[in-house]
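Here's a quick briefing on a few local features of one protein model. Have the coordinates open and follow along.

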Amino acid sequence: MAIKILLLDIETAPNKAYVWGLFDQNIAINQIETAGYVLCWSAKWLDQKDLIFSSAHHDGEKRMLFKIRKLLDEADAVVHYNGKKFDIPTLNKEFILQGFPPPSPFHQIDLYRVARSNFKFASNRLDYVAKSLGLGNKVAHKGMELWKGCMDGDAESWKVMEAYNRQDVVLLERVYYKMLPWIKNHPNHGLYDKDPTLVCPNCGSKHYQKRGYSYTKSQKYVRFQCQADGCHAWFRSNLAENKRGSSKLIGAA
């Protein structure tokens, strides 16, 4: 059984509120006319061709949310960009408002946090990071006019929004593979594989080399580096060298 990894991006409508100024405003709750909500989402299973899109405009709000909740329920891990702070809490808010129970637990791989913790890009926005890595760029659009058009049900705006949302997931997958060896605590592929053979926890490859040892204050562990193209993550056995038994992975280190 292979690990099921879902790539996900959502787009939301802004809050609508009554304000007196344009700078440094303190918006009271009674100034809010309409709270923001999920306009649409796009997702795909890692290494599969089909890219899924759903929107409140095309499917209705409840069906749109039901469909993404079903995918989350099937996923072992979800890849997103700033999703721990935005996408997942936003979807959870929509689920509870609809009376849906929470989906089954899943690991979260937030590539925004990977970028911030490992690299010093001039900007950590997905578009900038993807372009810097030579992986493409987001779909160009007119900014807030696009969101307003979608909220008003404009068909042309929705065509652009769908293309924009889908492209974000395409970029997300490319950035995921580029950053794969840098992802700490990646869900361990070895735990989802019936074959007990040692594998790289980040990508599942059985092509790796022994590269010295990893030391703690009290133990010594065999260290490996994955040799699969595009990975090269470091990991170690979970069995100290002076103990008997077969080695299994604990994850990249």
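L7 stands opposite V79 in β6, and β1 and β6 pair in the parallel sense over three bridges; two strands count as paired if DSSP finds at least two bridges between them. On the other flank, V79 stands opposite I109 in β7. Keep in mind that this is a predicted model: local features need pLDDT of at least 70, side-chain atom pairs count only at pLDDT 80 or more, and totals for chains, interfaces and linings use all residues. Residues are numbered from 1 along each chain as its sequence is written, and side-chain values use heavy atoms, with hydrogens and water left out.

**Strand β6 and its crossover**

- Four bridges join β6 to β7, and these two run parallel.
- From β6 the chain crosses through α3 to β7, and this β-α-β crossover is right-handed (with the strands pointing away from the viewer, the path from the first strand over the helix to the second runs clockwise).
- Helices (H or I, at least four residues) and strands (E, at least two) are DSSP runs, numbered from the N terminus.
- A77 and V79 point one way from β6, V78 and H80 point the other way, and all are buried (buried is under 20% relative accessible area, exposed over 50%, partly exposed in between, with a 1.4 Å probe and protein chains only).

**Helix α3**

- With twelve residues (87-98), α3 reaches 17 Å from its first C-alpha to its last, close to the 16 Å expected at 1.5 Å a residue; the expected span is 1.5 Å times one less than the number of residues.
- Which residues of α3 are buried? They are D87, I88, T90, L91, E94 and F95.
- These buried residues cover an arc of only 160 degrees around the axis, which puts them on the same side of α3; the arc is that of the directions from the helix axis to the C-beta atoms.
- The cover over the buried residues of α3 includes β1 (5-12), β4 (38-45), α2 (61-74), β6 (77-80) and β7 (107-110).
- Turned away from that buried side, the other face of α3 carries the exposed residues I96 and L97.
- Right after α3 comes G99, whose phi is positive, near 85 degrees.

**Helix α4**

- L111, V114 and A115 are the buried residues of α4 (111-118).
- Looking down the axis of α4, its buried residues fall within an arc of 100 degrees, so they line one face of the helix.
- An α-helix has 3.6 residues a turn, so residues three or four places apart point the same way.
- β6, β7 and α7 (155-179) are among what covers the buried residues of α4, while the face turned away carries the exposed residues R116 and S117.
- D110 caps the N-terminal end of α4, with a side-chain oxygen 3.1 Å from the backbone nitrogen of Y112.

**Positive phi outside glycine**

- Most residues other than glycine have a negative phi.
- D47 is not a glycine, yet has a positive phi of about 70 degrees; D47 sits in the loop between β4 and β5 (52-55) and counts as exposed at 61% relative accessibility.
- H232, also not a glycine, has a positive phi of about 65 degrees; H232 is in the loop between β9 (220-226) and β10 (234-237) and is partly exposed at 36%.

**A buried lysine**

- K44 lies in strand β4 and is buried, with a relative accessible area of 6%.
- Leaving aside neighbours within four places in sequence, the contacts of K44 (heavy atoms within 4.5 Å) include L7, D50, V169 and E173.

How values were computed: A polar contact is a pair of N or O atoms within 3.5 Å; within protein, one must be able to donate a hydrogen and the other to accept it, and residues adjacent in sequence count only if both atoms are side-chain atoms.
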